[in-house]
Structure formats: structure tokens, C-alpha cells
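Hi everyone, thanks for coming. I'd like to walk you through a structure that may be new to you, so let's put it up on the screen.

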Amino acid sequence: MISTKSPPFQRIYIAGHRGMVGAALCRALRGKADVITATRSELDLTDRQSVDRFFASEKPDAVIFAAAKVGGIVANNTYPVQFLAENATMAINAVSSAYEHSVKRFLFLGSTCIYPRDCPQPMREESLLTGPLEQTNEAYAIAKIAGLKLCQYYRRQYGVEYTSAMPTNLYGPGDNYHPENSHVLPALIRRFHEAMVEGAASVTIWGTGTPRREFLHVDDLAEGLVHLLGLTGLPDWLNIGTGKDLPILELARAIADVVGFKGEIHTDPTRPDGTPVKCTDVSRIHETGWHHQIELTDGLRQTYQCFLEEVGRGELRLV
Ligand SMILES: NC(=O)c1ccc[n+]([C@@H]2O[C@H](COP(=O)([O-])OP(=O)(O)OC[C@H]3O[C@@H](n4cnc5c(N)ncnc54)[C@H](OP(=O)(O)O)[C@@H]3O)[C@@H](O)[C@H]2O)c1
């Protein structure tokens, strides 16, 4: 039973506030609560003693956990030990220390990679642990499943409101534009921008352009997470997305349009396509009263503007 009668949270710790999601959460909470943050050099979340000291001194009453070691396919595949160990350790430290320091509400962030590789589409929350995971990011997904399950077990065993949200692909200010490590949407923004600047006649995108993907603006995600923080009686985990997907070629055309690239767009079918469709079922989060607000074309325009500003300030993120 979902209820909007939640305890008022005065002090909210945003873990990972310098990341794309954490920064959007800080923007969304500005003026609404005391936001507590700590940089990685101030608080390494893999160090349990530091985490305990932080919770004891800062006394947050709610936590949104947007810290993670993240990376592209190559990094995930090459360093599975670090992706599993660091992410699982951070999650276990934060959730258990939060409980021991009387934190009332914990919102853990996962990702839709927790669902099986061949999961029926759109992906429903019930699909968790019903089949093998995608091999390339299995270590990361297992760490995320551990965090989600730990919240579920604390809730079951101790009755605390510790729950999780599973965002779809995100985009927006502060995204990563690394030439190899970035996700498809920021990678395309960068490619089309560079092609436009260089006056290139065409851009070739990998694969057939037919795989369908879903994208949520990070400010919509942040509003959704703040909304969830105000509710009790939620399911143990909820998808958060738009529930709308589009072919990668259509995304490329939309980005070319926003960037002002007038050349041709070619596909390269010799390159791998990946899963044909990936989209979340968002009926459960819609039942709580949240719906995304930023449609893709508007979101792309705003994100490209931010990209230009980040380039102008020399602050484009390349990790
Ligand atoms: N981006 C997406 O498309 C997407 C989609 C679905 C789900 N998510 C989930 O959303 C969450 C946040 O993602 P994001 O894109 O915002 O990632 P991000 O930009 O890489 O931010 C991650 C943050 O975690 C911090 N961090 C990493 N290791 C730490 C440690 N040992 N101690 C303290 N802080 C540490 C980083 O600190 P530094 O700044 O010091 O490195 C960074 O601020 C992740 O759980 C991710 O799985 C993201």
C-alpha cells in the first residue's frame, strides 16, 4: 500500500553528488532539504570505518545512493573483480551503516542491467533473477543486485523503508563524453558535433541502426527519486524510465538535427547491434503518480546546450 504520508526528511545524504545523477539530485533538492555531500577524498565509501564515522557525525535521516564505480563495456569486461568488489562493498557499507545510525529512508540506485539478458520486453520488475545476465557487465549487475537485495532484506528483517530504483539509460548535463567509454547518446552527440565542426559529409553509426533503446533525462530521474523519497509502502524496487523506445537511427537523426549536422547518416551492419529492444515497463512507478516530463527532443536540445557550455568551460567530462 503506497502512502504519501512520509516522515519529513531534514537531512538527505546524496552519495555520489559529483556524478551525473548525484548532481541532478542536488539540483532537484535545492531549497527543499539540507543536502549532505562528501567528495570521494573526504569519504571513500569502500572504507567501512570512514562510512561509520560519516554517518555518526552527519546524522542524515535519508540517503539516496547514486555512488558507483561505472564504466563502459571494455572496462566492465576487463576489471570484473573491481566492478563487483567495489560496488558491492560500497553498497553493503552504506546500507548497513545507515541502518546502524538510524537512517529512516534509504533509496538505492541500480540499473536495468540487473535484469536477465533475454528478459521479455518491456522489462518488468518481476523479471529479476529469472535468467542469465548479460556477460559483459555481469560483475556490475551482481553488485547492484546485492545492494538491492540488502535493502529488501533490511526492510523484511528490521521493518525499515529501504527500497531501490532501477533507472533506464540516462542522459543530460554532466554526462560522460569519453570517445570509447561513453554511452550511445552522449557518444552520438560528440560524433555529430565533431562532424558538424569539421564539415564532414557523412557520419557512420555502428550496426544496422534498428535496435530500439529508451532514454530518460537525468532531471526527470532526479524529480522521480525525490518523489519516491516522499512515499512509504513502495515495492522493494521500481523501474524508472519513459517506457518509450526508439531505433538508434532515429535517435541519430534527432541528434543530427539538434546539432545542425546536414550531412548523410550511414549505418555499418558489419558492427554488432546488441539486444534488438531494451525498454522498461513503467506501470508501477506511474501508479505512484510520477511520469517523465522531458520529451526526448527537448531533452536533447537542452543537453547539447550543456555540452557546448561544458566544452566552452573546458569541463567536458571524459572518464
Ligand atoms: N548514467 C546512466 O545512464 C545510468 C543508467 C542507469 C543507472 N545508473 C545508475 O546511477 C548511479 C549513478 O550513475 P552516474 O551516471 O551518475 O555515475 P557517475 O557519473 O560515474 O557518478 C558516480 C559517482 O560515484 C562516486 N564514487 C565512485 N566510487 C566511489 C567511492 N569509492 N567512494 C565515494 N564515491 C564514489 C564518484 O565519485 P568521483 O566523482 O570522485 O569519481 C561519482 O561522483 C549508478 O548506480 C548507476 O548504475 C546510471
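I'll start with the whole protein, then move to one helix, and finish with the ligand.

One thing to say up front: this is a predicted model. Okay, the overall picture. The protein has ten helices and twelve strands. Along the principal axes, its C-alpha atoms fill a box of roughly 60 × 45 × 40 Å. How does the radius of gyration fit with a compact globule? For 319 residues, you'd expect a value near 20 Å, and the protein has 20 Å, so the two agree.

What about the inside? Buried residues make up 50% of the 319. Now take the contacts with a separation of 6 or more: 80% of those come from residues 24 or more positions apart. As for the outside, the accessible surface is about 14,900 Å², and carbon and sulfur atoms account for 52% of that.

Now let's zoom in on helix H1, which covers residues 20–29. Why do I call H1 largely enclosed by the rest of the structure? Because eight of its ten residues are buried. Those are Met-20, Val-21, Gly-22, Ala-24, Leu-25, Cys-26, Ala-28 and Leu-29. And what covers them? The cover includes strands S1 (11–15), S2 (34–36), S3 (62–65), S4 (105–109) and S6 (169–171), plus helix H7 (218–229). If you follow the chain just past H1, you get to Gly-31, which takes a positive phi of about 80 degrees.

Right, on to the ligand. There are 25 residues around it, and the ones that come nearest are Val-21, Arg-40, Tyr-140, Lys-144 and Arg-317. By class, that shell has 13 nonpolar, seven polar and five charged residues.

Let's look at some individual distances to ligand oxygen atoms. A backbone N or O atom of Met-20 lies 3.0 Å from one. For Ala-68, a polar backbone atom is 3.2 Å from a ligand oxygen. With Lys-144, we're looking at the side chain: an N or O atom there is 2.6 Å from an oxygen of the ligand. How much of the ligand does the protein bury? Taken alone, the ligand exposes 900 Å², and the protein buries 87% of that.

Last point, which brings us back to our helix. Which elements give two or more residues to the shell around the ligand? Those are helix H1 and helix H5, the latter running over 138–158. Met-20, one of the buried residues of H1, is where we found that 3.0 Å backbone distance.

Terms used
Residues are numbered from 1 along each chain as its sequence is written. This is a predicted model: local features need pLDDT of at least 70, side-chain atom pairs count only at pLDDT 80 or more; totals for chains, interfaces and linings use all residues. Side-chain values use heavy atoms; hydrogens and water are left out. A residue is near a molecule or strand if one of its heavy atoms lies within 4 Å of it. A polar contact is a pair of N or O atoms within 3.5 Å; within protein, one must be able to donate a hydrogen and the other to accept it, and residues adjacent in sequence count only if both atoms are side-chain atoms. Accessible areas come from the Shrake-Rupley method with a 1.4 Å probe; for residues, only the protein chains shown count as cover. Helices (H or I, at least four residues) and strands (E, at least two) are DSSP runs, numbered from the N terminus. Ala, Val, Leu, Ile, Met, Phe, Trp, Tyr, Cys and Pro count as nonpolar, Asp, Glu, Lys and Arg as charged, and the others, Gly among them, as polar. The radius of gyration is taken over C-alpha atoms; the globule rule is 2.2 Å times the number of residues to the power 0.38. Buried means under 20% relative accessible area, exposed over 50%, partly exposed in between (1.4 Å probe, protein chains only). Contact means heavy atoms within 4.5 Å.
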